[in-house]
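Visitor: I'd like a close look at just one part of this model, please. Pick a stretch you find interesting and show me what surrounds it, step by step.

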Amino acid sequence: MGHLGDLFERLLARVFVLASRDVVVRDLVHEIACETALSTEPDAAETPEAEPGDPHTVAEDRPDATPAPEGNASRASEGNSTPGAGTPLSTAPGEGEGGFTSRSLESEPPGKSPGGEIDRRPTPEDMQEWLETDLADIERNCRLKARAARWAAERQSRIAGGADYRVDIEPVDRGLIDEARALPGCYLWMSSPDFPVPGDLGLLDDLALAFETVADAVLMARNLQEAADFAVFENTLNLVTEAQASLRASIGLLSSRRDQDQFRTYQWLRAISFTRHIYLPRYMKYDDVPDPAASRSLRERIERIRAEETSKRNRSREIEAAENRVRYHLKAILRGDGSECSHDWTKVTQAVDRMIELGVPPSAVSLRDLLLPIIDQLPEGIEISPRFRLFLRETDRYLASRPASTEARGDRPDLPREIAPQVQAVKQLLEGTALTLIGGERREDASEALVRVFGLLRVDWLTSREHSSVTDFESYIARADVRVVLLAIRWSSHSFGDVRQFCDRYEKFLVRLPAGYNPTQVASQILEQCGERLGLMRR
């Protein structure tokens, strides 16, 4: 009989494979199963009556309860379970008389694919169907199955401890039944009457953890399907692949059946990896499975990556919000009619500071383009944080790197088309002299504009570096042909007092330059700060 049994098992396996592909064969198998169930159904007097209209039934684990069919009892005894262990609740939605249903095809003998059937090349229609798999359904089903697996272990412990069935067992059974019935395609096979609960209940805890790991992995994949970072999504798919293979391995230690949610996850992985051109090197073959005991470390890895990606998304949202604040307050500044705008500038500097703190480089083009047209209007009294000063320094370096040849006179706002009165007055003072400018990066276009408009001999532009000594500037300030020293306070790392001592020693005029290098702005600051001392009058 052993050889005959093997032949019959092989034939049955082939029939199930054909049934999975051919709807006619599947219907025939279903009809045969139903007829077999009817012909072997016990008398009504021997069968506990189920709730009218409820396809889920519960076999009560009481001394006077109807015993399970012989086949089920023998399978339960193989797991060394206690009395009643072979009769957990049945939760197969749509179950008909005798427990046979089209869902019986989920118990196909394992084949050559991770789904438990002999693999075949999927059609384009298959791929499209798999691609449209509702991952949210898989996640919900897996979380419920995890709870059901843990309950199956706890249920056996309670029964062995003499728990009251109606008080301690049945309410939980019914709760799981109701939840399973409300979810699409959720079959709690670990709670069916024919499931042999193992003697080692720890296997059920491992199964629960494997289901939870798949749920976590699928949730992360669902959230990252539209991720801009290809590498992140590829890594996520590899985690989902490992999780579903680990679940399959855990199931294999308890049952030969195929779990639909594990198989649907496998199918989705095949479709999404094919569509996105992502290579999955491991755990997509039947004989390539991870150690089920590693589910805990796998879940920790998934949680770590999920937390990192959540943090990145939150950071991106906060950066976007800060950039919107910058835009809003810049519009308010541009709309201003000369009224006080220090409040808006403060908000701008705070938002830029926050963006840099969140990881936006101070030299970011998007940030620079946002503020460049208006940065020279930054008022002198605004408090500047170290991060915002970094932004100003990078902006200054960018402006200094632009070739002067691109700034033709007709396109240059720093060369006034008409000479303003204050520019004319300062020109009378500075013409034929040199100008010392301390701070920022040398800008050829700005230097050329100052020389041309004021009739200067040259501009000695001294870049101020962190921790550099103020004595480096003394020789330039002391030059006989220098009359005015400009200190660009926005860019300089040295204070006004550091430079003033040399200006006083060599009788030079020190002018603090809070904004840009436009000749008109420079002339206005010279007249405002030194006009009376020079005997010049504003016009």
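Guide: A residue is called buried when its relative accessible area is under 20%, exposed when over 50%, and partly exposed in between (1.4 Å probe, protein chains only). Keep in mind that this is a predicted model, where local features need pLDDT of at least 70 and side-chain atom pairs count only at pLDDT 80 or more, while totals for chains, interfaces and linings use all residues. Residues are numbered from 1 along each chain as its sequence is written, and side-chain values use heavy atoms, with hydrogens and water left out.

Let's go to helix 6, residues 165-182. Helices here are DSSP runs of H or I with at least four residues, strands are runs of E with at least two, and both are numbered from the N terminus. Helix 6 has 18 residues, and from first C-alpha to last it reaches 24 Å. That is close to the 26 Å expected at 1.5 Å a residue (the expected span is 1.5 Å times one less than the number of residues).

Which residues of helix 6 are buried? They are Tyr165, Ile169, Glu170, Asp173, Leu176, Ile177 and Ala180. The buried residues of helix 6 pack against helix 5, which covers 135-160.

Now look at the N-terminal end of helix 6, where aspartate 164 acts as a cap. One of its side-chain oxygens sits 3.0 Å from the backbone nitrogen of arginine 166.

Moving along helix 6, you'll find arginine 181 and aspartate 178 joined by a salt bridge of 2.7 Å, N to O. (A salt bridge is a side-chain nitrogen of Lys or Arg within 4 Å of a carboxyl oxygen of Asp or Glu.) By this rule the count comes to 30 salt bridges. Arginine 181 and aspartate 178 are 3 residues apart in helix 6, so about one helical turn separates them. Arginine 181 is partly exposed at 38% relative accessibility, and aspartate 178 is partly exposed too, at 41%.

Next, hop across to helix 5, the packing partner of helix 6. Another salt bridge joins lysine 145 to aspartate 261, with the closest N and O atoms 2.6 Å apart. Because lysine 145 lies in helix 5 and aspartate 261 in helix 9, this pair ties together parts that are 116 residues apart in sequence. Both aspartate 261 and lysine 145 are buried.

There is also a network of salt bridges to trace on the model. Glu139, Arg143, Arg150, Glu212, Asp216, Arg222 and Arg299 are its linked residues.

Aspartate 261 brought us to helix 9, so to speak, and the loop after it is worth a stop. Histidine 277 lies in this loop, between helix 9 (260-276) and helix 10 (295-335). Its phi is near 60 degrees, a positive value in a residue other than glycine. Most residues other than glycine have a negative phi. Tyrosine 283, also found in the loop between helix 9 and helix 10, has a positive phi as well, near 65 degrees. Are these two buried or exposed? Histidine 277 is exposed at 69% relative accessibility, whereas tyrosine 283 is buried at 14%.

Here's one more salt bridge: arginine 282 pairs with aspartate 288, and their closest N and O atoms are 2.8 Å apart. Arginine 282 is partly exposed at 41% relative accessibility, but aspartate 288 is buried at 16%.

Finally, what does glutamine 244 touch? Setting aside neighbours within four places in sequence, its contacts are Val214, Gln262, Thr265, Tyr266, Leu269, Tyr283 and Met284 (contact means heavy atoms within 4.5 Å). Tyr283 on that list is the buried tyrosine we just met. Glutamine 244 itself belongs to helix 8, residues 230-252, and its relative accessibility is 0%, so it counts as buried.

Conventions:
A polar contact is a pair of N or O atoms within 3.5 Å; within protein, one must be able to donate a hydrogen and the other to accept it, and residues adjacent in sequence count only if both atoms are side-chain atoms.
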